[in-house]
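Me: Got a minute to walk through a protein with me? I'll put it up here.

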Amino acid sequence: MSKFTVLNHPLIQHKLTLIRDKETGTQEFRGIVNEIAELMVYEMTRDLPLKDTKVQTPMGETVQKELAGKKLAVIPILRAGLGMVDGVLRLIPAAKVGHIGMYRDEKTLKPHEYFVKLPSDIDQRELFIVDPMLATGGSANMAIDALKKRGARHMRLVVLVAAPEGVRKVQAAHPDVDIYAAALDEKINENGYIFPGLGDAGDRLFGTK
């Protein structure tokens, strides 16, 4: 069974409350989503390996720590996942970026893949799959399937708000993919949206209806 972690840092929780508010406008919503993504990745990367390196300071030579060459990539699930990319890149500017396009059939609530563009060395990278919402788990599972089919081996799913149904579905299908969320909400409502959630993340990010 994969690990499910709620990142309950006070700043993450405070900022999440701000974007839950229906009065928060598009510009502010977009900025805060990126701030939360940055804070979440900061918390998640505590286990990145380090190695010794020699550095010449103004006072002389010393041996200090640097990242041990772990290759990273951020993979947003389009379109709402785009809202988290800049936050991740602010913290890890050398990360590659891939894209997986999904849309949800509003009648069946099932996802459909329409676009995949990934770094060529995806099998050698640790991937952060980002999407603001983990509702039914359908899009996340399809994205993970698409990545595995193309050779990906090391993945983490990073979401702002998760529903219990979606967490269970991803864990059942992909027990090797850990899930990180800023919050675990109550349920999915009859329209397939997370309750209490924050509405349609894509519409709120891009000012669409």
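What follows is a quick chat about the fold, the cores and one residue at the surface.

Me: What kind of model is this?
Reply: It's a predicted model.

Me: OK, how many helices and strands does the protein have?
Reply: There are six helices and 13 strands. The radius of gyration is 18 Å, close to the 17 Å that the globule rule gives for 209 residues, so the protein is as compact as a globular protein of that length.

Me: And what box do the C-alpha atoms fill?
Reply: Roughly 65 × 40 × 30 Å, taken along the principal axes.

Me: What share of the residues is buried?
Reply: Buried residues are 44% of the 209. As for the outside, the accessible surface is about 11000 Å², and carbon and sulfur atoms account for 52% of that.

Me: Let's go inside. Which residues touch the most other members in the largest nonpolar core?
Reply: That core has 37 residues, and the ones with the most fellow members in touch are Leu-16, Ile-19, Ile-36, Met-40, Leu-160 and Leu-198.

Me: Which elements give two or more residues to it?
Reply: Among them are helix 1 (10-20), helix 2 (26-44), strand 10 (154-162) and helix 6 (201-206). Helix 2 gives the most, with eight residues.

Me: Pick Ile-19 then. What does it touch, not counting residues up to four places away?
Reply: Ile-19 touches Phe-29, Ile-32, Val-33, Ile-36, Leu-160, Leu-198 and Arg-204.

Me: What about the second core, how many residues are in that?
Reply: The second core is separate and has 24 residues, including Ile-75, Met-102, Ala-162 and Val-177.

Me: How far apart in sequence are the contacting residues?
Reply: If you take contacts between residues at least 6 apart in sequence, 65% of them join residues at least 24 apart.

Me: Switching to charges: how many positive and negative side chains?
Reply: 29 positive and 27 negative, with the centres of the two sets 3 Å apart.

Me: Last one, Asp-52. Buried or exposed?
Reply: Exposed, because its relative accessibility is 52% and the cut-off for exposed is over 50%. Asp-52 lies in strand 2, residues 50-57.

Me: Which residues is Asp-52 in contact with, leaving aside neighbours within four places?
Reply: Val-63, Gln-64 and Lys-65. There's also Glu-66 to look at: Asp-52 and Glu-66 are 14 residues apart in sequence, while their C-alpha atoms are 6.5 Å apart in space.

Conventions
Residues numbered from 1 in each chain as written. Predicted model: local features only at pLDDT ≥ 70, side-chain atom pairs only at ≥ 80, totals over all residues. Heavy atoms only, no water. Helix = DSSP H or I, 4+ residues; strand = E, 2+ residues; numbered from the N terminus. Rg over C-alpha atoms; globule rule 2.2 N^0.38 Å. Buried < 20%, exposed > 50% of the residue type's maximum accessible area, 1.4 Å probe, protein only. Contact = heavy atoms within 4.5 Å. Areas by Shrake-Rupley, 256 points an atom, 1.4 Å probe, with all protein chains shown as cover. Lys, Arg positive; Asp, Glu negative; His and termini not counted. Charge placed at Lys NZ, Arg CZ, Asp CG, Glu CD. Core = buried A, V, L, I, M, F, W, Y, C linked by side-chain atoms within 4.5 Å.
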